[in-house]
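Work through the exercises below on enclosed and open spaces in a protein model. Each task is followed by a stepwise solution.

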Amino acid sequence: MVDADVIVIGAGLSGLVTATRAAARGRRVIVLDAEPTAALGGQAWWSFGGLLMVDSPEQRRLGVHDSPELAFSDWLGSARFADGADRGRGPDRFGYEWAQRYVEFAAGPMRAWLHGLGVRWFPLVQWAERGGHPAGGHGNTVPRFHVTWGTGPAILAPFVSAANSARADGLLEFRFRHRVVELVRTGTAVTGVRAQVLIPSPAGRGEPSPAEVTGEVELSAGAVVIAAGGIGANHDLVRELWPSGTLPTTLLSGVPDSTDGSMQAVAAGAGAALVHTDRMWHYPEGLPMPAPVWNRHGIRILPGPSSLWLDADGNRLPAPLFPGFDALGALEHITGRGDEHSWFVLNRTIMETEFALSGSDMNPDLTGKDVPLLLKRVTPGAVGPVAEFARHSPEFVWADSPAELAAGMNALVGDERIDGARLAGLVSLRDAQVASGLGKDPQVVATAAARRFWVDRRMRVAPPRPLTTPRDGPLLAVRLHVLTRKTLGGIHTDGRARVLDPAGAVLDGLFAVGEAAGFGGGGIHGHRALEGTFLGGCLFSGRVAAEAL
């Protein structure tokens with residue numbers, strides 16, 4: 001007799017969606033996770049809770065005209081799928097299929113389904129990444145980033161509740177501190193797992209936990225679902241797979257240590273195909289956390305468009321690599337130069353208006369559903385966590401003049417790479433463009449265009465004034481680090497989340513969801529993603545797998 005109908009490896013969002021929807025159909029489910037109980041929910045708990053939705057009531061109330069056709073066009077412009085994908089051919093054929101269905105989901109049942117589970121959204125839709133490329137290129141044509149009221153924990157809440165109900169009914173069992181090291185095959189089918197039992201640990205959410213093994217167990221099931229996440233904490237593997245340029249010698253981690261990609265190797269050992277492993281989405285706007293939870297813990301600045309973005313030698317990044325437009329493109333530019341860091345140059349008012357920090361822990365107003373605290377976002381002054389970083393982080397360099405700012409930047413780095421006179425010239429040229437009231441500088445023009453959207457004008461984009469405007473000072477430079485985050489490739493699956501072998505045949509009994517499967521098909525995003533599709537990809541792939549089970 002089998003131990004369960006379904007074994008799910010990973011207790012993050014995609015694993016919870018799969019497990020609870022399978023249990024709701026009467027399946028007996030065991031969920032395994034190497035981390036302690038406190039880690040329930042995985043990376044999703046730490047997230048900002050942003051979801052890409054299409055033609056939503058929130059968009060329409062803000063006068064945003066969206067459609068599935070426009071969203072899919074934006075998706076294709078970002079993904080750059082290989083030729084033939086739209087005809088069911090080539091390495092991106094399943095990624096294309098998943099992308100098409102995901103946009104239909106985001107424009108159709110996603111909102112109603114989640115709303116029925118009690119999920120709600122901040123009414124002011126955001127424009128997390130604008131793209132800035134010509135029509136048909138990367139980026140969103142309209143704002144689609146719907147921030148969940150309660151951020152990542154509120155996305156998880158209905159699935160944690162459903163899991164607890166299924167446990168009470170005897171249909172679902174969690175086994176934490178179980179690290180899967182092998183998939184068991186019987187003939188051509190995957191029929192179970194072998195897992196090491198790790199010592200109990202009181203480690204809190206995200207904290208590193210000991211890897212000491214106390215035993216081993218073998219479990220059998222009718223189906224096994226891999227929902228173990230990506231590779232972001234495995235910096236050696238990230239470097240090995242990074243496709244172009246040179247990553248910095250020191251990287252920050254935007255994910256806990258357990259997001260190490262180990263299950264990809266386990267899956268490959270059982271005959272699964274891995275595809276598009278060189279496709280990743282890391283961020284160049286990272287800051288070290290002053291009180292880290294996991295090793296090399298970093299957080300990302302979510303910037304507005306007004307800051308100058310400079311490379312390590314003080315050169316402006318080329319258009320359209322402006323803050324908040326094309327983070328992966330900026331990262332490719334930085335790694336192409338071999339830089340260890342880059343810089344935002346701005347002033348106090350721009351920081352207070354435009355800077356936000358990604359993550360549930362960095363947004364206590366949204367996470368805590370605290371309306372009085374939230375209202376402070378539209379009043380003068382920085383959001384609380386941003387103000388704390390500005391006060392205490394050594395990465396923030398303040399000065400009263402460009403020359404003084406350059407000296408502070410060089411002192412922080414320990415090298416005379418920023419020329420004060422040249423920095424003053426860049427600031428002067430930018431300020432003259434802004435002062436003209438129009439301007440030909442692409443960033444100045446794009447920033448002015450951003451303020452046409454009411455939400456940006458009210459709370460995300462500073463009024464267009466010279467950086468050297470006295471009342472907006474002092475000047476500020478922020479040293480930016482590369483922050484590892486998301487895996488866009490992974491275990492190859494078909495349109496039903498069934499794992500494929502290198503020949504393209506279905507590996508019976510094995511499924512993969514979420515980041516482990518490139519959020520669907522081994523790469524639903526292609527080479528580059530639209531923001532808000534990662535949590536959504538976990539939700540959607542979990543639903544698809546549960547249907548297939």
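Residue classes come first: Ala, Val, Leu, Ile, Met, Phe, Trp, Tyr, Cys and Pro count as nonpolar, Asp, Glu, Lys and Arg as charged, and the others, Gly among them, as polar. The model is predicted: local features need pLDDT of at least 70, side-chain atom pairs count only at pLDDT 80 or more, and totals for chains, interfaces and linings use all residues. Numbering runs from 1 along each chain as its sequence is written, and side-chain values use heavy atoms, without hydrogens and water.

**Exercise 1.** Describe the second largest cavity (on a 1 Å grid over the protein atoms alone, a set of points where a 1.4 Å probe fits but cannot get out; lining residues have an atom within 4 Å of a point).

Step 1. Take the volume, the space filled by probe spheres set on the points, with points joined across faces, edges and corners. The second largest cavity holds about 50 Å³.

Step 2. List the lining. Among its residues are Ser306, Asn347, Arg430, Pro463 and Asp472.

Step 3. Sort by class: 3 nonpolar, 3 polar and 3 charged.

**Exercise 2.** Describe the largest cavity.

Step 1. Its volume is about 310 Å³.

Step 2. Find the centre. Of 24 lining residues, Phe48, Gln126, Ala356, Arg377 and Arg460 are closest to it.

Step 3. Assign elements (DSSP runs numbered from the N terminus; helices are H or I, at least four residues, and strands E, at least two). Strands S4 (145-147) and S12 (298-302) and helices H10 (348-354) and H17 (454-459) each give two or more residues.

Step 4. Sort by class: 14 nonpolar, 4 polar and 6 charged.

Technical notes:
On a 1 Å grid over the protein atoms alone, a cavity is a set of points where a 1.4 Å probe fits but cannot get out, and a pocket is an open set with protein on both sides within 12 Å along at least five of seven lines; lining residues have an atom within 4 Å of a point.
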